[in-house]
Amino acid sequence: MADMNAFEKNQEVKTVDTSKKMRVGIIGTGWIAEAHIEAYKRQPDVEIVAAADLIPGKAAAFMKRYGIEGAKTDYASHKEMIDDKSLKLDAVSICTYNRQHAGPAIYALDNGINVLLEKPMCVTIEEAAEIVKAEKRSGKVISIGFQPRFSPNMQMIKKIVQSGELGDIYYVQTGGGRRRGIPTPFGTTFIEDETAGLGALADIGCYSLDLVLNALGNPKPLTVSGYKSAFFGTDPNYSNYVKTGHPEYAKKFGVDDFAAAFVRLEGGITLDFRIAWAMNIDTPGDTIFLGTKGGLRVPSTDCWNGTLTKPMTIYHEVAGEQVETVVPLKADINLWDAKIRSFLDACKEGGKAPVPSADIIYNQAILDGIAKSNAVGREIEIVIPEC
Ligand SMILES: NC(=O)c1ccc[n+]([C@@H]2O[C@H](COP(=O)([O-])OP(=O)(O)OC[C@H]3O[C@@H](n4cnc5c(N)ncnc54)[C@H](O)[C@@H]3O)[C@@H](O)[C@H]2O)c1
């Protein structure tokens, strides 16, 4: 019980105290805000009181679409909404693009508001450290939006690794991606440097990293040799640009569509990572854990939400014989409800955030380290600022 967060405890008793309603605001009303609002609407102790977006009218249309009456939306940005003390906000969901994660998160925390921040945590390690400092100053909860952590299959990976069944882990390979999957169905906020900052790395790479770092108990990353490229995104003849009639996106593309890295983690573990929004192969490989007593294979997915589609296999020896144990897939739960509920429980009951910044700062350190190592063309030491 001691290590459980509020969500895990409530999973056991399944009660929601409705005597106190949480007053929630949404910052950024694009695609992912839809998943947040739908999950908030299913919680009996939530009142959605406001939303803000940089694009005039977008937040109002969003609230109308979801039938939220009486919510305030006429704010030019997150700042005006947070400054509106009449809202008495308990919590905000930050659903903005990556470059607008740190600023709104720090501003909300400094104004005494709990924060559910979408993944990736931010773009640079310096921003991540500032977020952690704001969290400490405020004493409020900040949870980072990695909903795969609530998947029973993802939790099973952690259970297997932590059980000691594989012995000491010394090598991990992770990553995934798509043959053609640069995310532009809703415009260019994922591919422009000024909005996204990082591409496949931060969009889906952060999930692969969280899968393994969380399973390993969040070892600190020490050094990284990183590489990133953008051959598909910058090509006006990229097939999906051509199919959708947007060759001009090639000129807007300012991030990575492929990245790879070799990372040394505390505890003598090496991590081999690769991720792609586009590539000329079906998969860059499964996630594998190699340990002194056994190995675990987690079949590759396109990594956008962490759902497993095929069973995992443990490779070990039983009575001196080489044996494979297939771990059956578990039925998934509604990850969005789990993500929102766990955050609300932590805000109401205090204690540890369900997806703590102290874990995710290591994820961010690797993303940032890959970008920095790529820029200098060699391995670098990972330096996490004091926070
Ligand atoms: N957890 C998941 O499964 C998941 C899935 C998709 C996206 N995401 C993350 O969610 C974030 C948003 O993705 P999206 O697809 O919704 O992007 P989007 O571009 O569709 O929406 C972002 C919205 O934020 C608004 N915005 C930006 N800065 C703002 C500010 N300071 N104040 C108010 N509004 C602001 C923009 O105008 C835009 O409408 C990204 O960081 C992405 O990585 C998470």
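## Ligand shell, domains and core

Helix α2 (residues 31–41) gives the largest share of the shell around the ligand, three residues. Helices here are DSSP runs of H or I with at least four residues, strands are E runs of at least two, and both are numbered from the N terminus. The model is predicted: local features need pLDDT of at least 70, side-chain atom pairs count only at pLDDT 80 or more, and totals for chains, interfaces and linings use all residues. Residues are numbered from 1 along each chain as its sequence is written.

The ligand has 28 residues around it, and G28, G30, W31, Q100 and T189 come nearest. A residue is near a molecule if its C-beta atom, placed from the backbone, lies within 6 Å of it. Domain 1 and domain 2 each supply at least three residues to the shell.

The protein chain is divided into domain 1 (6–147 + 336–354) and domain 2 (152–332). These bounds come from an automatic or database domain assignment. The domain centres, taken over C-alpha atoms, are 27 Å apart. Their contact takes 10 residues from domain 1 and 12 residues from domain 2. Contact requires C-beta atoms, placed from the backbone, within 7 Å.

The table gives residue classes for two sets. Ala, Val, Leu, Ile, Met, Phe, Trp, Tyr, Cys and Pro count as nonpolar, Asp, Glu, Lys and Arg as charged, and the others, Gly among them, as polar.

| Set | Nonpolar | Polar | Charged |
|---|---|---|---|
| Shell around the ligand | 11 residues | 12 residues | five residues |
| Side of domain 1 that touches domain 2 | five residues | three residues | two residues |

Next, the core. The largest nonpolar core has 117 residues, and V92, A105, V115 and I131 have the most contacts inside it. Such a core is a set of buried Ala, Val, Leu, Ile, Met, Phe, Trp, Tyr and Cys residues joined through C-beta atoms within 7 Å. Buried means 20 or more other C-beta atoms within 10 Å of the residue's own; exposed means 12 or fewer, and partly exposed lies in between. Helix α8 (residues 200–215) gives the largest share of this core, 11 residues. Both domains give residues to this core, so it lies between them.

V115 touches V92, I94, A105, A108, L109, K140 and I142, leaving out residues up to four places away in sequence.

Helix α5 (residues 102–110) has seven of its nine residues buried, so it is largely enclosed by the rest of the structure. The buried ones are A102, P104, A105, I106, Y107, A108 and L109. Their cover includes β1 (22–27), α4 (78–83), β3 (91–94), β4 (114–117), α6 (125–138) and β5 (142–144). After α5 comes G112, with a positive phi near 75°.

Key. Two residues are in contact if their C-beta atoms, placed from the backbone, lie within 7 Å.
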